[in-house]
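Please open the model in your viewer and keep the sequence panel beside it, since each stop on this tour begins with a selection.

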Amino acid sequence: MNKHLWNGFTNIVKKEVVPALGCTEPVSVALGAAIAMRRLADLDPLQNEARNAQLRIEVLVSPNLMKNGMGVGVPGTGMVGLPIAAAVGALAGDPDAGLEVLKSITLDDVAKAKVLLDDQRVSVGVAAVAHILYAQVTLFVNEQSVSVTIADAHTQVIEIQQNNTIIYTAEPAQSSDKTQQDTSPFTDATALDVYEFATTAPLEDIAFIEQAYQLNDALSLEGLTGKYGLQIGATFQRNIDRGLLSKDLLTDIMRRTAAASDARMDGAMKPAMSNSGSGNQGIAATMPVVVVAEHLKADRETMIRALMLSHLMAIYIKSHQNKLSALCGATTASMGAVAGMTWLLGGQFAHISAAICNMIGDITGIICDGAKTSCAMKVSSSASAAIKAAMMALDGIRVTGEEGIVDNDVDATIRNLSALANGAMTQTDVQILEIMVQK
């Protein structure tokens, strides 16, 4: 048992599993705008209203960030897209709140932000940069300007300029767009190490993961009101009420998981507990496990350990991949969920390995065509694939190493999946964005 990895596991979960209000790509732009406005206010002597009347905003983002920001709801605004995120972030964002930068905005703030858009004082373009996750937000008032650049992680500021002079610069925390793969505890870790940590570490060291249940369950309840997005979760509920669906474990997993994504993708003013920089990935790693735990009437410690297993396994799998890619992140997060569910249902590591391989043999290749309300459909599909894969594994059935990209070893299978996401699917990503911007 590699206990020397445990502190690193705890630290990376605390770093990668954090509250996020709204889709993290437009929120990253809003955060850059909020940080820039604080500095601009120090430079410019005008009062807020006079400054806002002169304000102009220019945003440059990487293609992947553009893809994930074009069609997703921005919390509290009733609108979608990067322009409104930049405008309301500049006017009312909390620069110290990280991924909850928009938590305190008001309807009046939104109205003022819409004026900026109506006056065509916000522009958004694609930057020719190597960073997969990149946002540069520049604010102009009269002769003053402040530019804030965020790259490689949604809250990681790598440069600040005032009046075209660099006043702050920092090397990105990682040398590539992977989730700190070179310095993370996963460099020498395996899926077995993740399993042993989650199931045997002292409870007091991992109990913080319980907040994932609290936040994402509240978001799920919000989504079930039927007011959000494509109403996937509410649709399941309506058809249970009509007698067309039974209220069984599978339906409940899809219903409650999709509902949380419905609310999140349509701009609900409730935070999700994210995973690897994505609220949907956090939802996908949380809600299926919660539903199974409640179905089994599991005690608090058992649920906490299952949630830690799910979230850490999801981070482990994602650590092999680019931060953003053409591969739907909800699918890989659900591979974490299948680990947690399989363990809850009595499985050991061999069953968990088989369940992950079953999922990779099933839903690999689901594309990410940007953040939007229909992401809730992919979240629910991934959740249903996870419970199917878990039940197969518990019956001793798995996709074998002779089939497709699946290997007999679970870690090798995860690497094969990631090679596909980081390799051939990069061109898929280019094609997806071309289609989206030409519509």
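Helices in this tour are DSSP runs of at least four residues, numbered from the N terminus. The model is a predicted one, and the first selection is Asp429, which has its place in helix H18.

**The pocket around Asp429**

Is Asp429 buried or exposed? Asp429 has a relative accessibility of 11%, and because buried means under 20%, Asp429 counts as buried. If you now show its contacts, leaving aside neighbours within four places in sequence, you will find Asn64, Lys67, Ser325, Ala326 and Cys368.

Keep Asp429 selected and add Pro63, Asn64, Thr426 and Val430, for these five residues lie nearest the centre of the largest pocket, which is lined by 16 residues. Two elements, helix H4 (63–69) and helix H18 (425–438), give two or more residues to that lining, and the largest share, four residues, comes from H18. The volume of this pocket is about 250 Å³, and its lining, sorted by class, has nine nonpolar, five polar and two charged residues.

**The cavity**

Select next Asn68, Ser278, Gln281, Gly329 and Cys368, which lie nearest the centre of the largest cavity. The structure holds one cavity of 30 Å³ or more, and the largest cavity has a volume of about 310 Å³, with 28 residues in its lining. To see the surrounding framework, colour helix H2 (24–43), helix H11 (249–265), helix H12 (279–295), helix H14 (329–344) and helix H16 (375–394), each of which supplies at least two lining residues. Which of the helices gives the largest share of this lining? That share, three residues, comes from H16. By class, the lining of the largest cavity has 10 nonpolar, 11 polar and seven charged residues.

**The cysteines**

Cys368, which is in contact with Asp429 and is also among the residues nearest the cavity centre, leads on to the cysteines. How many disulfides are there? With a cut-off of 2.5 Å between sulfur atoms, the count comes to zero. Cys23 is in no disulfide, its nearest cysteine sulfur being that of Cys375, 7.6 Å away. If you then centre the view on Cys375, you will find that its closest cysteine sulfur is in Cys368, and that the two are not bonded because the distance of 6.4 Å is too far for a bond. Cys23 counts as buried, at 2% relative accessibility, and Cys375 is likewise buried, with a relative accessible area of 12%.

**The aromatic pairs**

For the last stop, display the aromatic rings, among which the structure holds five pairs. Begin with Phe9 and Phe197, whose arrangement is edge-to-face, with 5.5 Å from centre to centre and 65 degrees between the planes. Phe9 lies in helix H1 (residues 6–16) and Phe197 in helix H7 (residues 191–200), so this pair ties together parts that are 188 residues apart in sequence. Phe9 is buried, with a relative accessible area of 0%, and Phe197 is buried too, at 1%.

Moving along to Tyr195 and Phe349, you come to a tilted pair, 5.6 Å centre to centre with 45 degrees between the planes. Here Tyr195 in helix H7 is linked with Phe349 in helix H15 (residues 349–363), distant parts of the chain that are 154 residues apart, and both residues are buried. Finally, select Trp6, Phe9, Phe186, Phe197 and Tyr316 together, which form one aromatic cluster.

Note on methods. Residues numbered from 1 in each chain as written. Predicted model: local features only at pLDDT ≥ 70, side-chain atom pairs only at ≥ 80, totals over all residues. Heavy atoms only, no water. 1 Å grid on protein atoms, 1.4 Å probe; cavity = no way out; pocket = protein on both sides within 12 Å on 5 of 7 lines; lining within 4 Å. Points joined across faces, edges and corners; volume = space filled by probe spheres on them. Nonpolar A, V, L, I, M, F, W, Y, C, P; charged D, E, K, R; others polar. Buried < 20%, exposed > 50% of the residue type's maximum accessible area, 1.4 Å probe, protein only. Contact = heavy atoms within 4.5 Å. Phe/Tyr/Trp six-rings, centres within 6.5 Å; stacked < 30°, edge-to-face > 60°.
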